[in-house]
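Dear colleague,

I am passing on the structure we spoke about, with some notes on what turned up when I went through it. Please read them with the coordinates open beside you.

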Amino acid sequence: MMTRRRTEHETNGIFRGRGMIVPITPDGAVLKPFGTKRFSLVCKNNMCGEYMDKLHLQVGGLPRITFPVRVGVVGTPLHLQNERALIRGFSQGYNVARLRKDFGQILVGGTLEKTFHVFNLGSVDMDLEWEVLVCDDAEPCVDVTLRPGTSVVSVSVDAKGYPKEGLFEITPKRKMMAAGSSAQFRVRYDASTPEECTAYLVGTQTVKGTQEDVPIRLKMCETGNEAKPIACILSDGFHPHAAAPPVPLYPIRVDLKAATICPHLEPDPQTDASLLIHSTFPPKTHPSYIKTVTYCNKLGSPLTFSISCGDGPFEFMAAAPSVPQDIQDFQGLTGAPKTLENGFILVPPKESVEVTVRLQPPKRWERTDYDLDGALTFHYNNGIEQIVPLHASILHPEIKSNVVELDFGAVHVSSPKTLHITVSNPSLVDATWTIVQDDQKPDFTKSNQKSAQFGVFSIEPCGGNLNGRGLLMPRTARVSITLSPTDMDGYEERVRFVCRRGRGCEVVLKGWGTFDERGEHKKELYRI
């Protein structure tokens, strides 16, 4: 590498600002009788142009022979790269005239700057002027032409965009590049509306002449004894030592690409954000009133935000990001703020935050199932808000009876009669139930009593617990009701099956007493 760098340095000193040298190897030789000698001419250049010179051959005392040499150098003396320093020992052997700058994803309202460097590796000063062209989706950026009769495909990369201000801005727009110098250019992207933008910088380069009012000089080049064509050089027509190249200087180009996005956090698909709460659970202590959801940043830009729940039954409790919130750790992250305000959270790309909310249901005496809706709001630092709906379903237990009225008919006074009913819990919530009279206040502490007496009716059991149905059939319980009449009279009781924090039902019990032996129901009476 050091040898190559030293060779390039020596070569640049040999150019002496002319743009091209043609060394001959070897520069002299001894010709043997009837012998031949091959000489190699190597064209080394650092500037475009059409060069003309003479190669003189002197053999002993013979007349000098002159060979005209014409060399056309195309390309550009300007070299593009992202790095500030140009390492000569690692040069590619040609100048890079096209560069790509991808800004990635930028949040709406944000700005981002990227830099690149231009090196003038030529021997003359160059005037460089930039223009921003935005690609149109309807117009192609590349033209492909097939020449008839050949297998050659010509690809032209002429600009098909149109000037547009407000998206990309380059500083400076025009720069005089001295020979052997370099310059830094800054491209700024302002993200105003969500869109994907593709553009490119076109750098038009012109040669800066070093002389003024130079007359046209005509040089005669001898090409033979019989025909003497005239070759002329227009001095300073392109630069002081060459005419214009066969192919005009093609503009250098920097491709630009950016995507403006709205900040957005996506919930973990494996986590259900809705709450399913049983009314029998205590709101202050039961964990079903608390929900933790993980929100992921799947964008290519960091997100800075605060969280609130606003007005509603939901309350924001805490947020736990997956990365430490030390602003010093984000200094090298593109798009990260310089400071982190109190209450704000920064989530880099591919990271997440766990958000915990609590439901505070209003005090309602309704025993029917109902839904509660709220919203979780992410307030981003660019002024955009993301509203995530929150939903909770409040479920109540229910007790149903298979009969609405239980008629015992005629029952002998000395022969009590027992009938059975079935109560069920068709809900998903565990039900604690008890039986009370129509105007009696329920006491669920006595729900485990085996029996209770309601006038001449005795009910066993008089309470209990029925689990929620889940994915199975409703859970059921058998209740035995016995009528023990004391006289020849009609009896009727209205009892309520009351469910704790749920819905119950009513059953009417009725029958009448009799001394008719047909109303006997015990075997002992038949033995009389």
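**Asn297 and its surroundings**

A polar atom of the Asn297 side chain lies 3.0 Å from the backbone oxygen of Val347. Please keep in mind throughout that this is a predicted model. The backbone oxygen of Ser301 is also placed beside this side chain, at 3.1 Å from a polar atom of Asn297. The residue itself belongs to the loop that runs between strand 21 (290–296) and strand 22 (303–308), and with a relative accessible area of 1% Asn297 is buried. If neighbours within four places in sequence are left aside, the residues in contact with Asn297 are His264, Leu265, Pro302, Leu303, Val347, Pro348, Pro349, Lys350 and Glu351.

Val347 turns up again in the surroundings of Ser352, a residue of strand 25 (residues 352–359). Not counting residues up to four places away in sequence, Ser352 touches Val347 together with Thr294, Tyr295, Cys296, Pro321 and Ser322. Its relative accessibility is 18%, and because buried means under 20%, Ser352 counts as buried.

**Strand 18 and its two partners**

How many of the ten residues of strand 18 are buried? The count is nine, so strand 18 (residues 252–261) is largely enclosed by the rest of the structure. Strand 8 (residues 98–107) pairs with strand 18 in the parallel sense, over nine bridges, and within this pairing Gly104 stands opposite Ala258 of strand 18. Strand 17 (residues 195–207) also pairs with strand 18 over nine bridges, but in the antiparallel sense, and here Leu201 has Val254 of strand 18 as its bridge partner.

**The open sheet of five strands**

Further along the chain, five strands make up an open sheet whose order is 28-30-35-33-32, with antiparallel pairing. Strand 28 (400–401) and strand 32 (452–454) stand at the edges and have a single partner strand each, so that one side of each is left without a neighbour in the sheet. For strand 28, the pairing with strand 30 (residues 417–425) is antiparallel and extends over two bridges, and Lys400 stands opposite Ser424 of strand 30.

Strand 30 also bounds the loop in which Val413 is found, the other end of that loop being strand 29 (405–412). Val413 is buried, at a relative accessible area of 17%. What does Val413 touch, residues up to four places away in sequence not being counted? The list consists of Pro485, Thr486, Asp487, Thr514 and Phe515. For Thr514, the separation from Val413 is 101 residues in sequence, while in space the two stand 5.9 Å apart, C-alpha to C-alpha.

**A nonpolar patch at the surface**

Lastly, Leu57, Val59, Leu62, Ile65 and Phe67 together make a nonpolar surface patch of about 410 Å². One of these residues, Ile65, lies in strand 6 (residues 65–73), and with a relative accessible area of 41% Ile65 is partly exposed, because that class covers values between under 20%, which is buried, and over 50%, which is exposed.

With best regards

How values were computed
Residues numbered from 1 in each chain as written. Predicted model: local features only at pLDDT ≥ 70, side-chain atom pairs only at ≥ 80, totals over all residues. Heavy atoms only, no water. Pairing = 2+ DSSP bridges. Helix = DSSP H or I, 4+ residues; strand = E, 2+ residues; numbered from the N terminus. Buried < 20%, exposed > 50% of the residue type's maximum accessible area, 1.4 Å probe, protein only. Polar contact = N/O pair within 3.5 Å; in protein donor to acceptor, adjacent residues only side chain to side chain. Contact = heavy atoms within 4.5 Å. Patch = residues over 30% accessible without salt bridge, like charges linked within 9 Å, V, L, I, M, F, W, Y side chains within 5 Å. Areas by Shrake-Rupley, 256 points an atom, 1.4 Å probe, with all protein chains shown as cover. Salt bridge = Lys/Arg side-chain N within 4 Å of Asp/Glu carboxyl O.
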